[in-house]
Amino acid sequence: MKPVVGIDLGTTHSLVAYRKEDGTVEVLRDREGRALLPSVVALSPDGVSVGWGARELINNPKTTVVYAAKRLMGRSFEETAAERAHLSYPVIDKNGSPAIPDPERGRTLTPPEIGALILSNLRSRAEEALGCAVADAVITVPAYFNDAQRQATKDAGALAGLNVLRIINEPTAAALAYGLGEKKDGLFAVFDLGGGTFDFSLLEIRKGIFEVRATSGDTHLGGEDFDRAILTEWLESDPGLAAKAERPEVKDILRKEAERAKIALSKTSEVTVRLPSLEFSTTLTRARLDTLVAPFVSRAFHAVRSAMQDSGIEPQAVDGVILVGGSTRFLRFREAVAEFFGKPLLDSVDPDLVVAEGAAVQADILSGRRKDLLLLDVTPLSLGIETIGGVTSTLIPRNTTIPAQAKELFTTYVDGQVNVDIHVLQGEREMAADNRSLGRFTLSGIPPLPAGAPRIEVTFQIDANGILEVSAREQTTGQRANVVIHPSYGLAKEDVRELLKEAFSHAKEDFELRLLVDSRTEAQTVINATARALATVGSDILDERERQAIEAQTKILRTAMEGNDGKKVRDEIRTLDRLTQPLAERLVNHSLTEALSGKHLPEIPPEGGSHA
Ligand code: AMP
């Protein structure tokens, strides 16, 4: 049987693991016996290197050392502005996407290509360790990764010659490594604190189904901040040392020393640092370190509280907390987590290896050897399309378990409309313009019928990897849209949080605006249908008095539409409806009644202008 490996493609480190026939999981090591591979690629005049060797070249002026490329994965150049400010290597705009110049080889590399170099290295490692060809893999991503970020990760796998069977969430993988879902159900918190990022997720596991109930975190919080806090304290206490640390090599030595002291303090309560060459010596106590780190603990728990509030779940309801990432060895954090949840910590699996091990468990399940576990995740934000008036019509609500599918019928707004614009949106806001545009396409070839007559079925499909496909089909002709959803560039988790927060704070005004826009749309539809009906019926169906009353009410409705009072518009529609009721009853005209209800899709604007 072909092996399927599990890969943790991390921001700072990556790993590959495999579950053996006997059920035990092994993290595959390099020739030197190292499990971790730094997620670093060096582009130097001598060639391209990956991992430990690449990391050593960081101060080499002739070499571009690319690290943390995961932060750029699947995002547009524009969206990576804040991230780029933290990176020391050049990133250029290549057709709207970030790319790293490799002048030696006269090319630029995109984040998926950098990812592919790391994955290729892990693939070779796996082939050597297992003694056979390896192609099939499961790769993990943060739970907040959106469609484009997942797709970019998949692309990286494909570029590395891997057949990516599934992209799974890191917290889900961590839970699998603990045998959750296989052996045990419940509600688990996953506290993932690494070198530079903090991710918190709340995972519900029922009958082998995994659901991410909430996520939060801080994309710039981790062990490196603690090292920096120690370093700052040393430099502030010793001006002579600060002067020496102007040199990058000296600063590097001090930073490594700070990290060493920090790590030592998870075993002892006091550590002495002696650097005779720099004429520096000091003592750091655990108590002092805890004080230095206190602001970071608060920041992390701020994110934890927000996720718990979001989910409406009390900390006491959590059955256990899984620790992921090297910095969860930090005692102060462990205490804070235990205190907050009042529950035992799951920490028996090495926090650096736990995600890769879980990916290997999932890989094993997908290899077909075990058929007893189903894995599901959820959508972080709602997905829908824009309908007339620029409002959002949601097809898949946020937190829907994936894979998911939704279908809904839409119709046209204008008589004889032969095409519709399908604009795919992500977000919680009522108005399309406030949500994120994931892509758009046109369904053309609709038969020219009265407004409201065509039946256009829009289907959203999200596969197990969280990748979205949208299609549209006109039912009478069977005409289908040529569906091309251009990749949605990434949403960082704070963006998701920000969008949710915004949606929440604007909920009331959004709701009112939407009511107004919907009322105006409905009014226009009613007016059009009424005018069409009036034009086609004679005095045998409608007498003059009735006709005049309808016309007068149409005028009143038009005036109401120009105002901003949605309730007034709706009241006038109701009055017009009452007046046209006898007419509608007399005219058993299907297309008319349909035009009086239904959801309408925008037409393509002639000059590519706005259709709203
Ligand atoms: P990761 O990104 O998950 O590999 O985590 C790496 C981070 O964990 C680095 O910042 C390390 O300094 C930190 N780390 C490793 N061991 C310990 C420890 N015993 N105490 C505190 N931090 C640690």
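**Figure 1. Strand β21 and its two partner strands, β22 and β25.** In this predicted model, Gly384 of β21 has Leu425 of β25 as its bridge partner. Three bridges join β21 to β25 (residues 420–426), and the two strands run antiparallel. Strand β21 is also joined to strand β22 (residues 391–396), here by five bridges and again in the antiparallel sense. Within that pairing, Leu383 is matched with Ile396 of β22. The strands β21 and β22 form a hairpin with three residues between them. Gly389 lies in the turn of this hairpin and has a positive phi of about 90°. Five of the five residues of β21 (residues 383–387) are buried, so this strand is largely enclosed by the rest of the structure.

**Figure 2. An open sheet of three strands, β6, β5 and β7.** The order of the strands is β6-β5-β7, and their pairing is antiparallel. Strands β6 (47–50) and β7 (64–67) are the edge strands, each of which pairs on one side only. From one strand to the next, the twist averages 15°. Four bridges connect β5 (residues 40–44) with β6 in the antiparallel sense. One residue pair in this view is Leu43 with its bridge partner Val48, which belongs to β6.

**Figure 3. The packing of helix α14 against helix α15.** Two packed helices are described by the angle between their axes and the distance between the axes. For α14 (residues 544–562) and α15 (residues 566–586), the axes come within 9 Å and cross at roughly 155°. Angles over 145 degrees count as roughly antiparallel, and α14 and α15 are therefore roughly antiparallel to each other. Their crossing is left-handed. On the α14 side, the residues that meet α15 include Ala549, Ile550, Gln553, Ile556, Leu557 and Met561. On the α15 side, Val569, Ile573, Leu576, Leu579 and Leu583 are among the residues that take part. The residues of this contact of α14 with α15 divide into twelve nonpolar, four polar and four charged.

**Figure 4. The packing of helix α9 against helix α10.** The axes of α9 (residues 286–311) and α10 (residues 331–341) come within 9 Å and cross at roughly 40°. The helices α9 and α10 are therefore oblique to each other. The crossing in which α9 passes α10 is right-handed. Among the residues that α9 brings to the contact are Val293, Phe296, Val297, Phe301 and Met308. Helix α10 contributes residues including Leu331, Phe333, Val337, Phe340 and Phe341. The residues of the contact of α9 with α10 divide into 13 nonpolar, no polar and four charged.

**Figure 5. The surroundings of Thr197, a loop residue.** Thr197 is placed in the loop between β13 (186–193) and β14 (198–206). A residue counts as buried under 20% relative accessible area; Thr197, at 17% relative accessibility, is therefore buried. Leaving aside neighbours within four places in sequence, Thr197 is in contact with Arg71, Asp192, Asp218, Thr219, Leu221 and Gly222.

**Figure 6. The surroundings of Lys262, a helix residue.** Lys262 has its place in helix α8 (residues 248–264). With a relative accessibility of 11%, Lys262 counts as buried. When residues up to four places away in sequence are not counted, Lys262 touches Gly223, Phe226, Asp227, Ile230, Leu289 and Phe330.

Conventions: Residues numbered from 1 in each chain as written. Predicted model: local features only at pLDDT ≥ 70, side-chain atom pairs only at ≥ 80, totals over all residues. Heavy atoms only, no water. Axes fitted to C-alpha atoms, helices over the stretch in contact; angles between N-to-C directions. Parallel < 35°, antiparallel > 145°, perpendicular 65-115°, else oblique. Left-handed = near helix turned anticlockwise from the far one by under 90°. Contact = heavy atoms within 4.5 Å. Nonpolar A, V, L, I, M, F, W, Y, C, P; charged D, E, K, R; others polar. Pairing = 2+ DSSP bridges. Buried < 20%, exposed > 50% of the residue type's maximum accessible area, 1.4 Å probe, protein only.
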